[in-house]
Amino acid sequence: MATDTSAGTAQREGGSHHPGAKDSVGVIDLLKGVAGMVPDLLGMAKHAPGLVYRPADAHKTIGHIVAGLAAKHPDRPFIRFDGTTLTYDEANRTANRYAAVLAERGVGPGDVVGILAKNSATDLLCVIATVKLGAAAGMLNYNQTHHVIDHSMSLLDAKVLLRDPDASEAFDSMSPEVHPEHVLDFAALDAAAEGKSEADPPITAELPASTIAFYIFTSGTTGLPKASLMSHNRWLANYSGIGGLGVRLRGSDTMYVPLPLYHNNALSVSLGAVLAGGACIAIGRKFSASRFWDEVIANRATSFCYIGELCRYLLSQPEKPTDRQHAVRVIVGNGMRPEIWDEFSQRFGIDRVVEFYGASELNVAFVNAFNVKRTAGFCPLPYKVVEYEADGSPKRDAKGRLRTVAKGQPGLLIAQISERVPLDGYTDDGETEKKVIRDAFKKGDAYFNSGDLVRQQGFLHIAFVDRLGDTFRWKGENVATTEVEGAFAGVDAVEEAVVYGAAVGGCDGRAGMAAITLDPEQTFDPKALSDHLYSELPGYAVPLFLREVDAIEATSTFKNRKVELRDEGFTEVGDDRVWVLKGRADGYVPFYPEYPAEVAAAKAPR
């Protein structure tokens with residue numbers, strides 16, 4: 001596991017946050033950021049108004065932007081995949097032919113086209129064709145099968161399904177009852193598109209920005225997925241804010257995108273950044289840590305998108321010459337852990353890390369436009385960071401109102417809902433309403449509950465602390481799982497750690513538990529590990545249980561499957577070895593049956 005080379009563990013300001021996280025953002029940070037923006041000021045001036053004011057009835061959509069770039073820069077590279085490059089003109093004409101096929105099958109404004117595909121140029125062209133008609137692209141997750149993908153299809157109520165033969169496992173598991181009237185695989189789509197009009201559909205220029213562009217399925221690890229709605233208007237916030245003001249690509253740039261196109265990081269953030277700069281998107285089939293830099297170099301990429309786990313996987317690779325033989329100068333994504341931020345930038349020679357914070361359903365986003373280290377960025381739109389209950393709900397005072405927390409304190413992030421900053425929500429209005437907080441500070445106001453803990457750093461910047469659902473309460477304290485996971489970073493013998501709360505009979509809350517994978521080349525010293533964790537964490541945050549596992553399964557978007565591990569606790573562990581924390585003196589020792597009762601009786605850990 002990569003070690004922490006950042007400037008020590010940040011001082012804790014009364015709550016859980018990442019070791020190495022930046023405590024505050026100051027004037028000097030902003031001035032340095034502004035100085036770095038000087039070469040890009042002209043492009044930024046073009047995009048700044050779009051972040052602050054985006055009329056819902058404006059005739060500006062994704063299809064309109066693609067058509068405009070094709071007219072202005074027809075021969076400029078736009079999509080690169082598997083060694084083949086399409087120019088803006090070629091891509092636009094192909095998307096228009098696909099749109100003609102969809103229109104012949106009755107697709108128009110307000111309809112939905114299901115897209116079941118692995119990453120490819122055709123996948124992206126299908127999306128563009130769909131949104132040019134005013135329809136929504138329903139981005140199906142090809143890892144879903146059987147009743148789960150049936151559920152997703154039922155949410156879409158699609159008129160047409162476009163499918164990639166490479167995603168046949170998902171399609172073949174689908175019940176025929178959920179198939180729409182028209183199902184075309186990519187070969188059939190290409191055949192039907194032969195000879196069709198290559199002109200932009202007339203409707204494209206007339207569509208309002210309020211039109212729904214995508215259905216993005218939430219990546220929850222339990223239960224059935226929900227489909228969040230992404231309007232063109234909210235996509236334009238990514239285009240202007242993250243793309244135009246944060247990433248700031250130029251026409252000569254190429255962004256490598258190895259994340260799945262059904263994910264917002266790829267479809268909204270990355271595509272938005274590419275179109276904002278009139279740049280090229282190089283689509284990777286899937287992420288590979290061992291081949292990553294080779295593919296970046298082969299695609300002549302100057303940028304790439306990431307999520308935090310991707311960066312950690314890259315750092316865990318042996319050092320090699322390609323670490324620095326690339327032309328990447330800026331990366332964009334979310335989840336770059338503070339404890340690896342400096343090491344990642346230094347090892348791979350990255351000038352700018354445009355960390356952002358957002359969610360598929362959230363109506364605001366934060367972006368690190370000023371190139372400040374270890375921050376999720378700033379947001380000029382209205383939001384609050386408030387006190388919260390153990391169950392993740394906002395805490396109300398005696399008058400029924402919410403209270404904000406002080407700078408540096410962890411709190412629940414909520415975003416104001418207004419005509420200026422509307423909420424797209426989910427396909428299910430009931431699910432949307434569950435996340436809306438009404439009469440928060442005064443009668444009649446409304447805020448969206450992000451479900452996330454953050455810390456205010458000053459000057460409208462925040463640091464992400466944790467998913468509130470991943471935060472557990474122990475000994476009257478809220479423990480942020482990512483903080484504890486970060487503390488394992490300095491232990492050579494531990495390759496990976498996933499932290500969660502485990503129920504202990506007779507105890508309130510949940511005790512900390514970590515599933516760990518061990519480096520076979522290193523000697524595991526359980527006492528040394530406990531000493532390290534006690535030195536890095538408050539006593540209540542040191543895990544009481546360790547479970548040795550061979551591997552930690554991850555979802556298709558690299559998010560660890562904490563829920564299954566949490567449900568298994570320390571009892572349903574099969575043949576896995578479990579260690580328990582006796583206390584500071586003895587450290588971790590092998591599990592013994594009396595230990596849970598000792599914890600309940602406050603006899604352990606000592």
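This is a short walk through one predicted model, covering a sheet, a hairpin, a pocket and three single residues.

I'll start with the sheet. Five strands make it up, and the sheet is open, with the order β23-β24-β25-β26-β27 and mixed pairing. At the edges sit β23, residues 494-502, and β27, residues 587-590, and each of these pairs on one side only. On average, neighbouring strands here are turned by 30° against each other, direction ignored. A helix packs on this sheet: α16, residues 526-536, which touches β25 (545-548), β26 (578-583) and β27. The direction of α16 makes about 145° with that of β27.

Back to the β23 edge. Strand β24, residues 511-518, pairs with β23 in the antiparallel sense, over 8 bridges. One pair to look at is Ala497, whose bridge partner in β24 is Ile516. Next in the sequence of β24 we can pick out Thr517, which is also found in that strand. Is Thr517 buried or exposed? Its relative accessible area is 6%, so Thr517 is buried. Setting aside residues up to four places away in sequence, Thr517 touches two runs of the chain: Ala493, Val494, Glu495 and Glu496, and then Val549, Asp550, Ala551 and Ile552.

Now the hairpin. Strand β1 covers residues 77-81, and 4 of its 5 residues are buried, so β1 is largely enclosed by the rest of the structure. What does β1 pair with? With β2, residues 84-87, the pairing is antiparallel over 4 bridges, and Phe81 stands opposite Thr84. These two strands form a hairpin with 2 residues between them. In that turn, Asp82 has a positive phi of about 50°. Strand β1 also pairs with β10, residues 280-283, this time in the parallel sense and over 2 bridges. There, Arg80 is the residue opposite Ala282.

Next, the second largest pocket. It holds about 560 Å³ of space. Which residues are closest to its centre? They are Gly43, Lys46, His47, Ala276 and Gly277, out of 29 that line the pocket. Four elements give two or more residues to the lining: α2 (41-52), α3 (62-72), α9 (232-247) and α10 (264-277). Of these, α2 gives the most, with 7 residues. Sorted by class, the lining has 10 nonpolar, 12 polar and 7 charged residues.

Two of those helices, α2 and α3, are joined by a loop that holds Thr61. Thr61 has 1% relative accessibility, and therefore counts as buried. Beyond its neighbours within four places in sequence, the contacts of Thr61 are Thr204, Leu207, Pro208, Ala209 and His232.

The last residue is Lys196, in the loop between α8 (186-193) and β7 (212-217). Its relative accessible area is 23%, so Lys196 is partly exposed, whereas Thr61 is buried. Where does Lys196 make contact? Leaving out neighbours within four places in sequence, Lys196 is in contact with Arg97, Ala100, Val101 and Glu104. Take Val101 from that list: Lys196 and Val101 are 95 residues apart along the chain, and their C-alpha atoms are separated by 7.6 Å.

That is the tour of the model.

Conventions. Residues are numbered from 1 along each chain as its sequence is written. This is a predicted model: local features need pLDDT of at least 70, side-chain atom pairs count only at pLDDT 80 or more; totals for chains, interfaces and linings use all residues. Side-chain values use heavy atoms; hydrogens and water are left out. Two strands pair if DSSP finds at least two bridges between them. Axes are lines fitted to C-alpha atoms, for helices over the stretch in contact, and angles run from 0 to 180 degrees between N-to-C directions. Contact means heavy atoms within 4.5 Å. Buried means under 20% relative accessible area, exposed over 50%, partly exposed in between (1.4 Å probe, protein chains only). On a 1 Å grid over the protein atoms alone, a cavity is a set of points where a 1.4 Å probe fits but cannot get out, and a pocket is an open set with protein on both sides within 12 Å along at least five of seven lines; lining residues have an atom within 4 Å of a point. Grid points are joined across faces, edges and corners, and a volume is the space filled by probe spheres set on the points. Ala, Val, Leu, Ile, Met, Phe, Trp, Tyr, Cys and Pro count as nonpolar, Asp, Glu, Lys and Arg as charged, and the others, Gly among them, as polar.
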